[in-house]
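Open the model in your viewer and keep the selection panel at hand. The stops below go from the whole chain to single residues.

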Amino acid sequence: MYRGTTPTHTFTLPFDCSEITKLSIAYAQDDKVIVEKSLSDCKCEGNILTVTLTEEETLLFDCKKRCAEIQLRVARGDIKSASDIIKVPVDRILKEGCLE
């Protein structure tokens, strides 16, 4: 993902999104959560979940550290599960800041 952009991340779940009662999508670098998204931040259709980061959120990541990590934690009633940790590259932009 490029800093200062608005990427949409798409996740294919092994169950229908309508079963989700709670959700956390954590974006981290250096073992520190930088951005966290909840179910209300997501769009769900069948078993496809999408979430979009803002320009401001992607600017919080340090491109010198190269990768960010993403992990979904989901509750379906009493069943709690977590995804594998997904690594994504964080790329630099030439002009710092949001587009005006």
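Start in the sheet: select phenylalanine 11 and look across to leucine 49 in β5, which stands opposite phenylalanine 11. Bear in mind throughout that this is a predicted model.

**Whole chain**

Zoom out and show the chain as a cartoon. There are 8 strands and 1 helix to find. Going along the sequence, the elements come in the pattern β-β-β-β-β-α-β-β-β. With only the C-alpha atoms shown, the chain occupies a box of roughly 45 × 30 × 15 Å along the principal axes.

Now switch on the surface. About 6,500 Å² of the chain is exposed, and carbon and sulfur atoms supply 50% of that area. Of the 100 residues, 37% count as buried. Among contacts between residues at least 6 apart in sequence, 66% join residues at least 24 apart.

**The sheet β1-β5-β4**

Select residues 8-12, 42-45 and 48-52. In which order do the 3 strands of this open sheet lie? The order is β1-β5-β4, with antiparallel pairing. The edge strands, each pairing on one side only, are β1 and β4. Direction ignored, neighbouring strands of the sheet are turned by 20 degrees against each other on average.

Take the two pairings in turn. Between β1 (residues 8-12) and β5 (residues 48-52) there are 5 bridges, in the antiparallel sense. On the other side, β4 (residues 42-45) pairs with β5 over 4 bridges, again antiparallel. To see individual bridges here, select cysteine 42 with its partner valine 51 in β5, then lysine 43 with its partner threonine 50 in β5.

While stepping along these strands, note the side chains. In a regular strand they alternate between the two faces of the sheet.

Next, move to the turn. The hairpin of β4 and β5 has 2 residues between the strands, and glycine 46 there takes a positive phi near 65 degrees.

**The hairpin β2-β3**

Select residues 22-29, which are β2, together with residues 32-38, which are β3. These strands run antiparallel and are joined by 6 bridges. One bridge to pick out is that between isoleucine 25 and its partner in β3, lysine 37. The turn of this hairpin also has 2 residues between the strands, and aspartate 30 in the turn has a positive phi of about 50 degrees.

Stay in β3 and select isoleucine 34. Is isoleucine 34 buried or exposed? Neither: its relative accessible area is 25%, so isoleucine 34 is classed as partly exposed. Leaving out residues up to four places away in sequence, isoleucine 34 touches Tyr27, Ala28, Gln29, Leu60 and Phe61. For a distance check, draw a line between the C-alpha atoms of isoleucine 34 and valine 51; these residues are 17 apart along the chain, and the atoms are separated by 15 Å.

**The nonpolar core**

Which residues have the most contacts inside the largest nonpolar core? Select Phe11, Ile25, Tyr27 and Leu49; the core as a whole has 22 residues. The elements that give two or more residues to this core are β2, β5 and β6 (67-76). Of these, β6 gives the most, with 4 residues.

Now expand the selection around tyrosine 27. Setting aside neighbours within four places in sequence, tyrosine 27 is in contact with His9, Phe11, Lys32, Val33, Ile34, Val35, Lys37, Val51, Leu53, Phe61, Glu69 and Ile70.

**The cysteines**

Finally, show the cysteine sulfur atoms. How many disulfides does the structure hold? The number is 0. Select cysteine 44 and cysteine 17 first. Cysteine 17 has the closest cysteine sulfur to that of cysteine 44, but the distance is 3.8 Å, so the two are too far apart for a bond; the cut-off for a disulfide is 2.5 Å. Cysteine 44 is partly exposed, with a relative accessible area of 39%.

The last stop is cysteine 98, which is in no disulfide. The nearest cysteine sulfur to cysteine 98 is that of cysteine 63, 15 Å away. Cysteine 98 also counts as partly exposed, at 26% relative accessibility.

Terms used. Residues numbered from 1 in each chain as written. Predicted model: local features only at pLDDT ≥ 70, side-chain atom pairs only at ≥ 80, totals over all residues. Heavy atoms only, no water. Pairing = 2+ DSSP bridges. Core = buried A, V, L, I, M, F, W, Y, C linked by side-chain atoms within 4.5 Å. Buried < 20%, exposed > 50% of the residue type's maximum accessible area, 1.4 Å probe, protein only. Contact = heavy atoms within 4.5 Å. Axes fitted to C-alpha atoms, helices over the stretch in contact; angles between N-to-C directions. Areas by Shrake-Rupley, 256 points an atom, 1.4 Å probe, with all protein chains shown as cover.
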